[in-house]
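Biologist: Could you walk me through this one, a bit at a time? I'd like to see how each answer is reached.

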Amino acid sequence: MNKRPLCTALGAVVFLIILFRGFLEQERPEVYRGEKKTVQCQIEEISGQEDPVLTVRDVMEGDTMLCRRMRLLGTAGGGNFTGLKIGNILSVTGEIHSFPRPGNPGQFDEYRYYRDQGISYRFFAETVTVQDGACKKLEQWLCDVRAALYENIMSCLPPEEAGVAAAMLLGERAALSREIRSLYQENGISHILAISGLHISFIGAGIFFLLRSTVMPMKPAALVTGTLLVLYGQLTGFSISAQRAVWMMLCFLAAKLFGRRYDIYCALALSALIQLLIHPTVLFQAGFLLSYGTVLGIALFVRQFQRTDGKYPEIFRIFLGGLGIQIVTAPILLYYYYEINPYSVFVNLLVLPLVSILLVMSAAGCLITGFFQGAGRFLFGIVHYILLFYHRLGGVVREFPMACYITGRPEGWQILLYYLLLILWTALTVQTGEKRNNAWAGRKLVRAGLLPAAVIVLLFQMPEEKHLKITNLDVGQGDCTCIRLSGKTILIDGGSSDVAEVGKYRISKYLKYHGIRRLDYIFITHSDSDHTGGIAEIIQDHNRMGFDIGTLVFPDVEKRDESYKELERLCQGCGILVKKMKKGDRVRVGGMDIRCIHPRRDYDWRTENDYSLVLSVGYGGFRGLFVGDLEHAGEEEILRDITDVDYLKAGHHGSAGSSGEEFLAALSPEIAVISAGEGNRYGHPAPAALERLRQAGADIYSTIDSGAVTVDTDGSRIRVSTYK
């Protein structure tokens, strides 16, 4: 076997990055929350056509370096980016914000995502002044070309298909609707929306062989193709997968240029080394691992599936190849996304054969439309019908049973053991010459069991301890509590007034992270949207999200507001069992005793907060109280029914009108948790409420400072942990 020093070097670099990860990530840039600043910077990149976003570099505040790179965004009625060019030096006044860190397990880490690209802050521009109009002509020309091609796409395709074509060909994702993004992701075909290795390889190989077979000898064709690939990568923004593909194609062209043999492992290693030396922590990004893992799977593993010696049709070999890629990348997908679509192999079998046609027609349509609009529209018509087929196919498949199978995040030991079993399977599969003749008789039997064993290891979930776990999620200005015990899961509320699609991006992500597929009970304390908005999202899409919902419980009051009725109709329309709870009712779930102590059915409430469902939760010697948005009037109503508690979910986000002295004196809580959003306009938690909780002797935790707060108890001992 040939020596591959680049592969050895890559292994050493990866080992060092893992070893010194803590050191690489210890940089803590100053935190900003909307402070007004005036900075000077240079435009490095302009992305987005409808609402441009600038990436700027060498950001200075006076004579002080603020950061190396930053994202610059416009504001309504604020900074105007019209006429700006790449290379311009600007003076910008506006608000600076740090990227938020996740507050819950499973939540997308926006801070780390941008940090790995060397981007420290986002800046909302109010005024923009060009100090130096110097322009980087090549970069700006490519930017103008991308804008012209984008206009060609948008003028010839309906909005949904135009967004896909622009993302696929130009790296412009702003026109993609959230529905289309979700559709492609849920069906395992989101790779089509990226400037992937398939795109670059197809374009590079096409240009090279076209030039080679028509107008140029080998070496000039390789040089021209390499130059065009680099320009195309620059035009599309050079994503991780695009960088990987461009470097690998350059290695292929260099091999042609110098008459050497192309080695896919060395090309892959060189590409990865270049990216890791520039941004070491990109090693921990899903995009990096999936891009390189797919190619490595093809090189190391998929060829074993395709050793069919012509016995099977080509379509079967394609299917097996796709299956191999899925097997290699499964741990990465589950580690970052916690779910899998078991039908994605079959979807890709139907989708992938058309991708080359889609690319050719889209590229040709972009170029021709500017000169011959009729011909361009004809080509884009083919694109339209292919994408329409993709969308219809995705819409059908997402409704299949178990189309979204939630697995939870696998542990590190599971992933390591999975890949060890996979390597062993590969080693036992490769047989040549004498080794094939002397093969151990039981080899086939052992080999046949290794892949199922690897899958079982990856999907195995450790049985939970018989502990009660109460987690107050960080949902911004809102409320959501998840209670887990002995395989049973309960939600109490779920909504937010300042986090968009909180059900999809925070609540469901937390549940999927922990492998939770069934919600046995959902208790709705009252109808305010900051307590119900996320729950409504989950109810509407629970089948698509992969959740099974048992029972929704509402307060049983005679007088009901319209929001209450609307939510009740939504549950009934989705075929979900609805129950109502009033003072004195009880429910037992997995060893927990849940007792309702408010409201009475005839309770004459004045605001929605007044009729909040108040629940007392008991487990062994542990007592907890959940009071929704109850304030002083409601607290006085239940004074006779409460006693000492270990845990209090503080009422109404810690408002001044909640957690009264007499109420807290009756409870004497050891732990009080407040759910509120950073910088909320209500001033929650109020200083007066915090002081009353301190006087009552409670240890106070706030989701603003702590992120998700988890109370873990076996019924006697209590442990509190925070996510941040």
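Modeller: Sure, starting with a term we need: a residue is called buried if its relative accessible area is under 20%, and exposed if that is over 50%. Keep in mind that this is a predicted model.

Biologist: Is proline 599 buried or exposed?

Modeller: Proline 599 sits in the loop between β15 (592-598) and β16 (614-619). Its relative accessibility is 0%. The cut-off is under 20%, so proline 599 counts as buried.

Biologist: What kind of peptide bond joins histidine 598 and proline 599?

Modeller: Look at omega, which is about 5° for that bond. There's another case at histidine 684 to proline 685, with omega near -5°, and proline 685 is in the loop between β19 (671-674) and α25 (687-695). As for the bond joining histidine 598 and proline 599, it is cis.

Biologist: Which strands stand at the edges of the open sheet of eight strands?

Modeller: Read the order: β13-β12-β11-β10-β9-β8-β21-β22, with mixed pairing. An edge strand here has a single partner, so one side of it is left without a neighbour in the sheet. That gives β13 (577-581) and β22 (718-722).

Biologist: Which residue in β21 is the bridge partner of isoleucine 470?

Modeller: Strand β8 (residues 468-472) and strand β21 (residues 709-713) run antiparallel, and five bridges join them. In β21, the partner of isoleucine 470 is valine 711.

Biologist: Aspartate 493 has a positive phi, so what is its relative accessible area?

Modeller: Aspartate 493 is in strand β10, and its phi is near 65° although the residue is something other than glycine. Serine 486, in the loop between β9 (478-485) and β10 (488-496), also isn't a glycine and has a positive phi of about 50°. Serine 486 counts as partly exposed at 36%, whereas aspartate 493 is buried, with a relative accessible area of 2%.

Biologist: How many residues of α19 are buried?

Modeller: Helix α19 (residues 502-513) has 12 residues and reaches 15 Å, close to the 16 Å expected. Among its buried residues are Val502, Ile507 and Leu511. The helix is mostly covered, and its buried count is nine.

Biologist: And is leucine 416 buried or exposed?

Modeller: Leucine 416 belongs to helix α16 (residues 412-429). It helps make a nonpolar surface patch of about 740 Å², along with residues including Trp413 and Phe460. At 54% relative accessibility, and with the cut-off at over 50%, leucine 416 counts as exposed.

Note on methods
Residues are numbered from 1 along each chain as its sequence is written. This is a predicted model: local features need pLDDT of at least 70, side-chain atom pairs count only at pLDDT 80 or more; totals for chains, interfaces and linings use all residues. Side-chain values use heavy atoms; hydrogens and water are left out. Helices (H or I, at least four residues) and strands (E, at least two) are DSSP runs, numbered from the N terminus. The expected span of a helix is 1.5 Å times one less than its number of residues. Buried means under 20% relative accessible area, exposed over 50%, partly exposed in between (1.4 Å probe, protein chains only). Patches are made of residues with over 30% relative accessible area and no salt bridge: like charges are joined within 9 Å, nonpolar side chains (Val, Leu, Ile, Met, Phe, Trp, Tyr) within 5 Å. Accessible areas come from the Shrake-Rupley method with a 1.4 Å probe; for residues, only the protein chains shown count as cover. A salt bridge is a side-chain nitrogen of Lys or Arg within 4 Å of a carboxyl oxygen of Asp or Glu. Two strands pair if DSSP finds at least two bridges between them.
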